Amino acid sequence: MTGLPPLNGLRAFDVSGRRLSFRAAADELGVTQGAVAQQIRQLEAHLGTTLFDRLPKGLALTSAGRTYHDGVAGAFSDLRSATAQLKPEPGKVLISVTPTFASKWLIPNLPDFSNKHPDVDLRILATEKVSSFHSDGIDLAVRQGTPPFGAALSATLLFKQDVVAVIAPRLLEGVQLPVGSDLLSSVPKIHDTHDLWPKVLAELGVCDQSRRGLRLSQTALAVDAAISAQGVALVSRFLVTNDLAAGNLVEVGRSSTAGTQDFYLLTQRRPGANAAVETVVSWLISQADQQGHAPQ
């Protein structure tokens, strides 16, 4: 014995409370007006209270009915939301990526995807935390790391780690390229959470003589700071391809493999994959391959 009223009665009450008409509620529920009225009478009997005032031109919630309806309507709304999240939507694909990958690579490339696959609803979850394929309902993920990522996941290499130092052109006025170690030593360093500068400078045999630096929580912010001439930043080359081509940034020094964690596309190992998911997977791999960062 749960103490709960019959579910049909609660459903009839939810709709009748919104429509304030047994006839309108019956039309929405696909039953007769008499059936709705009977379910409401049974619910009132179960609760021992009157929920509606029956008026000549419709219904009005009593004070108790109004309070109860707020709770019942909220419960049905939560049920609809939970069901929508559980039930797959045709053509919908949710991909989890870091904010930097989203803003510096995925979003700039989305017009190409939309033009080629207008029937696929690609949704982006940009987060630093590791998303769960089950609890978060994601279909794909792009993460930086080293395989394996788990027995239930397949990992496909998208981009090799290729770290480059980038700087705004106006900080190089009067400087002849390639940049010498003196300038690289003295210019302010922009750091992100990967903190690759100590290793890269050691590889180059450069001692950092800059009197100040800037520390930021995301690589995307470090790129933006470099564009605004706040200093020199270290970033994976594929993330700044557009900015280098547009002249917003200039590559200085040689590339480095510091921080050897590459970028992988993660998918679930399961039969009968969604066709829309397969479309996104193929596009991501093809796009990365065309840009020359994934192996042929």
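Here are some notes on the backbone oddities, cavities and salt bridges of this predicted model.

1. Ground rules. Since it is a predicted model, local features need pLDDT of at least 70 and side-chain atom pairs count only at pLDDT 80 or more, while totals for chains, interfaces and linings use all residues. Residues are numbered from 1 along each chain as its sequence is written, and side-chain values use heavy atoms, with hydrogens and water left out.

2. The cis bond. Have a look at the peptide bond from Pro147 to Pro148: it is cis, with omega near 0°. Pro148 is in the loop between β5 (140-145) and β6 (153-159). For the element names, helices (H or I, at least four residues) and strands (E, at least two) are DSSP runs, numbered from the N terminus. As background, most peptide bonds are trans, and most residues other than glycine have a negative phi.

3. Leu20. This residue is not a glycine, yet its phi is positive, near 50°. Leu20 is found in the loop between α1 (7-19) and α2 (22-29). With a relative accessible area of 35%, Leu20 is partly exposed. The cut-offs here are under 20% relative accessible area for buried, over 50% for exposed, and partly exposed in between (1.4 Å probe, protein chains only).

4. Ala229. Here is another non-glycine residue with a positive phi, about 65°. Ala229 belongs to the loop between α8 (219-227) and β10 (232-236). Its relative accessibility is 17%, so Ala229 counts as buried.

5. Cavities overall. Searching the whole structure turns up two cavities of 30 Å³ or more. A cavity, on a 1 Å grid over the protein atoms alone, is a set of points where a 1.4 Å probe fits but cannot get out, and lining residues have an atom within 4 Å of a point. Grid points are joined across faces, edges and corners, and the volume is the space filled by probe spheres set on the points.

6. The largest cavity. Its volume is about 60 Å³. The lining is made up of Ile190, His191, Asp192, Asp195, Leu196, Trp197, Ala222, Ala233 and Leu234. Two elements, β8 (189-191) and β10, give two or more residues to the lining of this largest cavity. By class, the lining has six nonpolar, one polar and two charged residues. The classes take Ala, Val, Leu, Ile, Met, Phe, Trp, Tyr, Cys and Pro as nonpolar, Asp, Glu, Lys and Arg as charged, and the others, Gly among them, as polar.

7. The second largest cavity. About 40 Å³ of space lies in this one. Its lining residues include Val163, Leu184, Trp197, Leu234 and Arg254. At least two lining residues come from each of β7 (163-167), α7 (197-204) and β11 (250-256), and β11 gives the most, with four residues. By class there are nine nonpolar, two polar and one charged residues in the lining of the second largest cavity. Trp197 and Leu234 are worth a second look, as they appear in the lining of the largest cavity and in that of the second largest cavity.

8. Salt bridges, and the Arg54 pair. The count comes to twelve salt bridges, taking a salt bridge as a side-chain nitrogen of Lys or Arg within 4 Å of a carboxyl oxygen of Asp or Glu. Arg54 pairs with Glu44, their closest N and O atoms being 3.0 Å apart. Arg54 sits in strand β1 (residues 52-55) and Glu44 in helix α3 (residues 33-47), so this salt bridge ties together parts that are ten residues apart in sequence. Arg54 is partly exposed at 39% relative accessibility, whereas Glu44 is buried at 11%.

9. Arg237 and its partners. Asp162 and Arg237 meet through their side chains in a salt bridge (2.7 Å, N to O). This pair links distant parts of the chain, 75 residues apart, with Asp162 in the loop between β6 and β7 and Arg237 in the loop between β10 and α9 (241-246). Glu251 also forms a salt bridge with Arg237, the closest N and O atoms being 2.7 Å apart. Glu251 lies in strand β11, so its pairing with the loop residue Arg237 ties together parts that are 14 residues apart in sequence. Asp162 is partly exposed at 22% relative accessibility, Arg237 is partly exposed at 23%, and Glu251 is partly exposed at 29%.

10. A network to finish. Salt bridges also link Arg18, Arg19 and Glu28 in a network.

Methods:
1 Å grid on protein atoms, 1.4 Å probe; cavity = no way out; pocket = protein on both sides within 12 Å on 5 of 7 lines; lining within 4 Å.
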